[in-house]
Amino acid sequence: MICGILVFFLIPTGVCIEEFGIGVFFDLSVWSTDELPSAKVFSIGSTATLIPYEHYFDGNEVFNITQAVCDMAEKEIVGMVTFTTCKKAAVTAHQANLLNLPHVLVARDNEHCDFPPFISSHQTLMVYPDCRLLIKAFVSITLQKAWRSVSVIYDETYGESCINYLVGQLSALSISSNIIKMSETNDADTSLALLIRANDTKLFTMLNGNRTEDLLHQASSVDMFSREYYWIIHYDSKFLKSSHLLTAMEGGNVLTASFDKRLPDAILSDIISAYGYGLEYMLNHNTTFSIGKYDCDDKKPSIGEPGLLQIITRNSMQENLENIKWSKDGVLDATVHISSTQAGRNGTLAEVATYNYTDGFRVKDGRLYQNLFKDFANRTLKVVSWTSTPFTMRKQSTNGQVQYHGFCYDILEEFAKVFNFRYVMLDSVDGTYGGPTNDGKNGTGMVGMVMRGEADIGVGPFTVTAARETVVDFLTPFQEEGVGIIMKTKDQKNDRMFRMFLPFQSTSWIATGVSIVITGIILFVISRCSPYTNDADKPIYKNFWLAFGAFFGQLGGDSTHTSASGRIILGIWWMCTILILELYTANLAAYLTIPPAKSPIKNLEQLAASSDYKPLVKTGSNLDFLFRRAKGGLYKQIQEKMDQMPVITTTEAGYELVGTGKYAYMTDVSQLTYKVLKGCHDLLVAEETFNKAGLSFIVRTNAEFKTAFNLHMIRMIEAGLIAKFHSKWWPRVSECSQDSSKSATALQIDSMAGIFIVYAAFSGLALIFFVSEMVFYFLIRRQRDTKIKSSEVTNLKQPL
């Protein structure tokens, strides 16, 4: 080593010290002269000094770096620092590998430096910026929010290696990604159009400053910061603080991700310090430490004490280098600062999380997006409802206060527990659910109350419609529902008289009759062909009567076939008849005690054509608006029949009118089903439903708690809690059928009249046959007597 006297203010005069060199390369095509740091001598205790040797080059001299490295090697350098891009750094990294020199790269771009395969990077450390750190921070946010899909907008600032790394990280976690590249041909408008088409609300932008600003301006113009979009923007936080865009983004869900940016001067100072502390550590722990001979002409230069790079990055060194830490991948461990927009804070960003390789992902209070609702902090909300059994059922307490309970209030109670609020109950201002006025500036009923802020939440089975969504917002529907039609059944006396035939449908009766005929034919064929059949069994009428009598079990034990084959057929037929008769008997008992329900109207088309029933809906309901605004078609026909419809504001009032037998009431089919299951009435629900839509609660437009409520509603549906509440209020079987099963019901004469009518009809038929037989008999007998007399007269005339 060289021992000499150097005049540095940190080194005492006359002391023999060791000097170690470090090569510093500056790329003038990437870094401006104003940004270039000034290298300084670093004193290692009192025995050694680290001297930087500087070399400047530009893009056209990239291959001259090789000679510069060799020239510095003659000065016994212990390491190199290069300020350039990843591509140009490949040259210095290659030389560092050949000479076994530690190499630190300060890259100007945002790419992770993937060197070509023939260049090993095990001797090179990377200094910020590195896109992998940013990507890991983004993936951590994605996991914390439990997103299953994301959209990424990037430009050429981030190379393909960064995007491939991002896609690989997301794919490993089964998170789908929609990658959109923004360029001159694919501008901000096109990128946002692709984004909206993808129907994804989670966005990660990796763009340069100008393109980010263009994108944010365009997003603000289409109101994407006041809708349910979640942004993560990698952008210079210093620019955002001075930008008017912060005000536009203030109401949205926006996170910004920015690095700890240090000036190149500080970076170089930290790196030289790291080299210095590493050398000092080796000098103090290894007295034989020496530098090898670095000769570019020698293909195998001698190696000095190995491990300087490892010493620099070793954990034992971290306590001496507060401002510089290295990851296990050899990358400077900078910190990504994640900040959130805050509503009503005059464009001020709040830091909510950090990410670095050493400490990982850290969230300050569990919340990332500060504009997202957390809870109400025991606040009292105003809740408006109107009766819709069993969704919302009203009662008034002794002190005059309104009280509601029911299926919807079980859901509301769950919200109150999770989001820490109390509530007071209000009635609808006009007893209707309501909707927007024609000008869209106001609303009626509960919709208008929520729209004007007179109530915070509208609780009830609100049908989700486009018209209502213009003035209020809907929560996630708790169930999908169709509109049903309920009416009173018509008394059909004919059905009562001939109810004993209803257990079998007409096809079943026909099949039974055909079976008797076929059995008679089979028995007749067997009797004619079998040699073991008596002559008495051969007549066809006897075989048919045998099959018919066996079906009703009216034949004696001797009424059978003499042949074995005939007896087998007859035995199988007996078994079938037993099963058929048992099925008929069981079904007949049910039909005589519990009459089958038969809806006189099956669908909306039949209601429009019916002269027996008038359509009826709740005034101010969604259906009322739907029919009254119809311009033609089936809905218009219903509207014309509703002109004289009485005004009703409750479902119970509708049921009362239905009881008169003149009206068919239309509302959510679950309410109608509840009515039929809970009471023994002559009411029936039509087989078909129409106008299927979701049922939900309403809140004011852009309510701060809407997203949180929606997420919890989805969780309740997935956990089966909504189904549990539903089973609590809707009985599984009709209470009417339960009551009827407890005691027998005496049958009235009109339920049995059909039996006697059929008996009388067949008795009359038998009488007709009897009269026919008598007439036929006497005619035949008269003809026979006439023939006999004629024969006798003829015999007398003949001579003896």
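**Exercise 1. Classify Asn199 in this predicted model: is Asn199 buried or exposed?**

Step 1. Start with the place: Asn199 sits in the loop that joins helix H5 (188-197) to S10.

Step 2. Take its relative accessible area, which is 70%. The cut-off for exposed is over 50%, so Asn199 is exposed. Bear in mind that this is a value from a predicted model.

Step 3. Now add a distance. Asn199 and Ser151 are 48 residues apart along the chain, and their C-alpha atoms are separated by 9.5 Å.

**Exercise 2. Work out the strand order of the open sheet of eight strands, and say which strands are at its edges.**

Step 1. Reading across the sheet, the order is S9-S8-S10-S11-S12-S13-S14-S15, and the pairing is mixed.

Step 2. Strand S9 (176-181) and S15 each pair on one side only, which makes them the edge strands.

Step 3. On average, neighbouring strands here are turned by 20° against each other, direction ignored.

Step 4. For a parallel example, take strand S10 (residues 202-206) and strand S11 (residues 230-234), which pair over five bridges. Within this pair, Phe204 stands opposite Ile232.

Step 5. Next, look for helices on the sheet. Helix H3 (residues 131-145) packs on it and touches strand S8 (149-154), S10, S11, strand S12 (253-259), strand S13 (336-340), S14 and S15. The direction of H3 makes about 120° with that of S14. Helix H6 (residues 209-221) also packs on the sheet, touching S8, S10 and S11, and its direction makes about 160° with that of S11.

**Exercise 3. Describe how strands S14 and S15 pair, and find the bridge partner of Tyr355.**

Step 1. Strand S14 (residues 350-356) and strand S15 (residues 360-363) are antiparallel, with four bridges between them.

Step 2. Three residues lie between the two strands, which form a hairpin.

Step 3. Follow the bridge from Tyr355 across to S15, and you arrive at Phe361.

**Exercise 4. Check the length of helix H11 (residues 407-419), then decide how enclosed H11 is.**

Step 1. H11 has 13 residues, and at 1.5 Å a residue it should span 18 Å. That figure uses one less than the number of residues as the multiplier.

Step 2. The C-alpha atoms at the ends of H11 are 19 Å apart, which agrees with the expected span.

Step 3. Because 10 of the 13 residues are buried, H11 is largely enclosed by the rest of the structure. Among the buried ones are Phe407, Tyr409, Ile411, Phe415 and Phe419.

Step 4. Look just past the helix: Asn420 follows H11 and has a positive phi, near 55°.

**Exercise 5. Which residues have the most contacts inside the largest nonpolar core?**

Step 1. This core has 50 residues, and the ones with the most contacts inside it are Phe407, Ile411, Phe421, Phe478 and Phe709. H11 supplies the largest share of the core, eight residues.

Step 2. Follow Phe407 outward. Beyond its neighbours within four places in sequence, its contacts include Pro390, Phe391, Phe478, Ile722 and Trp729.

Step 3. A second, separate core has 34 residues, including Tyr158, Ile163, Phe204 and Phe259.

Step 4. As background, nonpolar side chains in soluble globular proteins tend to be buried together.

**Exercise 6. Find what the buried residues of helix H12 (residues 445-452) pack against.**

Step 1. H12 is mostly covered, with six of its eight residues buried. These are Gly445, Met446, Val447, Gly448, Met449 and Val450.

Step 2. They pack against strand S16 (379-385), strand S19 (421-427), strand S20 (457-463), strand S21 (472-474) and S26.

Step 3. Just after H12 comes Gly453, with a positive phi of about 85°.

**Exercise 7. Trace the surroundings of two residues, Ser696 and Met666.**

Step 1. Ser696 lies in strand S26 (residues 690-700). Its relative accessibility is 0%, so Ser696 counts as buried.

Step 2. The side chain of Ser696 reaches the backbone oxygen of Leu475 at 2.6 Å. Leaving aside sequence neighbours within four places, Ser696 is also in contact with residues including Gly460, Phe462, Thr476 and Phe478.

Step 3. Met666 belongs to strand S24 (residues 663-668) and, at 1% relative accessibility, counts as buried.

Step 4. Not counting residues up to four places away in sequence, Met666 touches Val483, Leu604, Phe627 and Ile638, among others. Met666 and Thr689 are 23 residues apart in sequence and 9.8 Å apart in space, C-alpha to C-alpha.

Methods: Residues are numbered from 1 along each chain as its sequence is written. This is a predicted model: local features need pLDDT of at least 70, side-chain atom pairs count only at pLDDT 80 or more; totals for chains, interfaces and linings use all residues. Side-chain values use heavy atoms; hydrogens and water are left out. Two strands pair if DSSP finds at least two bridges between them. Buried means under 20% relative accessible area, exposed over 50%, partly exposed in between (1.4 Å probe, protein chains only). A polar contact is a pair of N or O atoms within 3.5 Å; within protein, one must be able to donate a hydrogen and the other to accept it, and residues adjacent in sequence count only if both atoms are side-chain atoms. Contact means heavy atoms within 4.5 Å. A nonpolar core is a set of buried Ala, Val, Leu, Ile, Met, Phe, Trp, Tyr and Cys residues joined through side-chain atoms within 4.5 Å. Axes are lines fitted to C-alpha atoms, for helices over the stretch in contact, and angles run from 0 to 180 degrees between N-to-C directions.
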